[in-house]
Amino acid sequence: MKNKSIIFTKRPKDFPTNENFSVQDDIVPVLNDNQILLKTVYVSVDPYLRGRMNNVKSYIPPFEVGEPMKSTIVAEVIESKNKNYSVGSHLYGMLDWKTFQVSDGTGLFPIPKDLAPLSSYLGVLGVTGLTAYFGLLEIGKPKENETLLVSGAAGAVGITVSQIGKIKGCRVVGIAGSDEKVDRLKNKFGLDAAINYKNNKNLLNELKTACPNGVDVYFDNVGGEVSDTVFYLTNNFCRIPVCGAISQYNQPTLPVGPRNNPFIISRRIKMQGFIVFDYSDKYLEAQMQLASWMKEGKVTLEETIIEGFENIPDAFLGLFNGKNFGKMIVKI
Ligand SMILES: NC(=O)c1ccc[n+]([C@@H]2O[C@H](COP(=O)([O-])OP(=O)(O)OC[C@H]3O[C@@H](n4cnc5c(N)ncnc54)[C@H](OP(=O)(O)O)[C@@H]3O)[C@@H](O)[C@H]2O)c1
């Protein structure tokens, strides 16, 4: 049996490329007592991994050059010297980008058999679903008939936010980066309107048409110019869960000064950043609710699946070019 790892080779200055990674052959580790041998099944690639490539202090430590990349992975136990884990069972959690690795199970979560597809633990039932759930319900607090505007609406977090918004009776408007995504958001997911922010039309005018009653909740996944424009449409007491700022993750220097403060003050906007870990004590409750919405067909598991271990870096890089609809996942 052969093993492979993907090593982080150098820190990017702006947009990451394949030069920041190398695929290496490795040996399959031998088990000690209490350990399990894991075979990688699905790998999550996520925008926040870009932040971990910078050598800066954050809510999660930076990657070390020369070490394997890591992300949330679904793995199968293929050998076990630990009585808590049986061969054939599946776990998910933060693991190395390796085809095989050993663990003692610390920090990993068991996946119940046959409850939901394995990959959903990287999407709707994983970090992105939980992020959508808590960001929208705890910070956005949408009410029936309010207008919920979602940026990055066709991505993993955004598509779940949009569907929960519909469940809560909102007018849901999405912003995404292609006509195809916009069509799918409207026709498959029932969004009331969707806008392609890359179509070279006047975004403000398009937003005015799509949100005739203004914006009550703006779920922000992207930041930058799109969010700057959205501020003109905000209603008094608008809530803005600031979930992500992918438009800025590859910028070596950030623009100077927030220019939206006058809106925040005059319209009494509440804008709050959050990290999904803040709600870790309520994950189970959220997973139960999301799983039940999945069963009822109200929240769908939407994925872009790329196949092959060597393609993990390309799948990750694709996030910055809008190559995914829903959760970007690599199947090994
Ligand atoms: N706070 C938290 O705890 C937490 C947890 C998870 C994720 N997040 C954040 O939430 C956001 C969404 O994450 P995700 O996992 O759901 O990723 P995702 O939306 O599935 O994938 C990234 C998407 O971002 C869009 N994008 C890329 N570059 C952009 C740019 N310059 N301007 C505007 N949009 C751009 C692309 O779609 P288009 O085709 O539409 O451009 C791409 O498909 C990210 O910012 C992420 O960092 C935060």
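Mentor: A residue counts as near a molecule when its C-beta atom, placed from the backbone, lies within 6 Å of that molecule. Please also keep in mind that the model in front of us is predicted.

Trainee: With that in hand, which residues come nearest to the ligand?

Mentor: There are 33 residues around the ligand, and those that come nearest are Gly155, Val157, Gly177, Gly244 and Gly322. Sorted by class, the shell holds 18 nonpolar residues, 13 polar ones and two charged ones.

Trainee: Which helices supply at least two residues of that shell?

Mentor: Helix 2 (127–140), helix 3 (156–167) and helix 6 (224–230) each do so. In terms of domains, the shell takes at least three residues from each of domain 1 (3–123 + 301–331) and domain 2 (128–277).

Trainee: How many residues does each of these domains bring to the contact between them?

Mentor: The domain assignment gives domain 1 and domain 2, whose centres, taken over C-alpha atoms, are separated by 29 Å. To their contact, domain 1 brings 15 residues and domain 2 brings 17 residues. On the side of domain 1 that touches domain 2, the residues divide into five nonpolar, five polar and five charged.

Trainee: Turning to the sheet, in what order do the six strands lie?

Mentor: The six strands form an open sheet with parallel pairing, and their order is 10-9-8-11-12-13. Strand 10 (193–196) and strand 13 (270–273) stand at the edges with a single partner strand each, so one side of each has no neighbour in the sheet. From one strand to the next, the twist averages 15 degrees.

Trainee: How many bridges pair strand 8 with strand 11?

Mentor: Strand 8 (residues 147–151) and strand 11 (residues 215–219) pair in the parallel sense over three bridges, and leucine 149 stands opposite tyrosine 218 in strand 11.

Trainee: Across which strands does helix 2 lie?

Mentor: Helix 2 lies across strand 11, strand 12 (234–242) and strand 13, and it runs at about 145 degrees to strand 12.

Trainee: And how should I read the packing of helix 2 with helix 8?

Mentor: In general, two packed helices are described by the angle between their axes and the distance between the axes. Here helix 2 and helix 8 (residues 283–295) pack at an angle of about 100 degrees, with their axes 10 Å apart, which means that helix 2 is roughly perpendicular to helix 8. Gly129, Leu130, Tyr133 and Phe134 of helix 2 make the contact with Tyr283, Ala286 and Leu290 of helix 8. By class, this contact has six nonpolar residues, one polar residue and no charged residues.

How values were computed. Residues numbered from 1 in each chain as written. Predicted model: local features only at pLDDT ≥ 70, side-chain atom pairs only at ≥ 80, totals over all residues. Helix = DSSP H or I, 4+ residues; strand = E, 2+ residues; numbered from the N terminus. Nonpolar A, V, L, I, M, F, W, Y, C, P; charged D, E, K, R; others polar. Domains from an automatic or database assignment. Pairing = 2+ DSSP bridges. Axes fitted to C-alpha atoms, helices over the stretch in contact; angles between N-to-C directions. Contact = placed C-beta atoms within 7 Å. Parallel < 35°, antiparallel > 145°, perpendicular 65-115°, else oblique.
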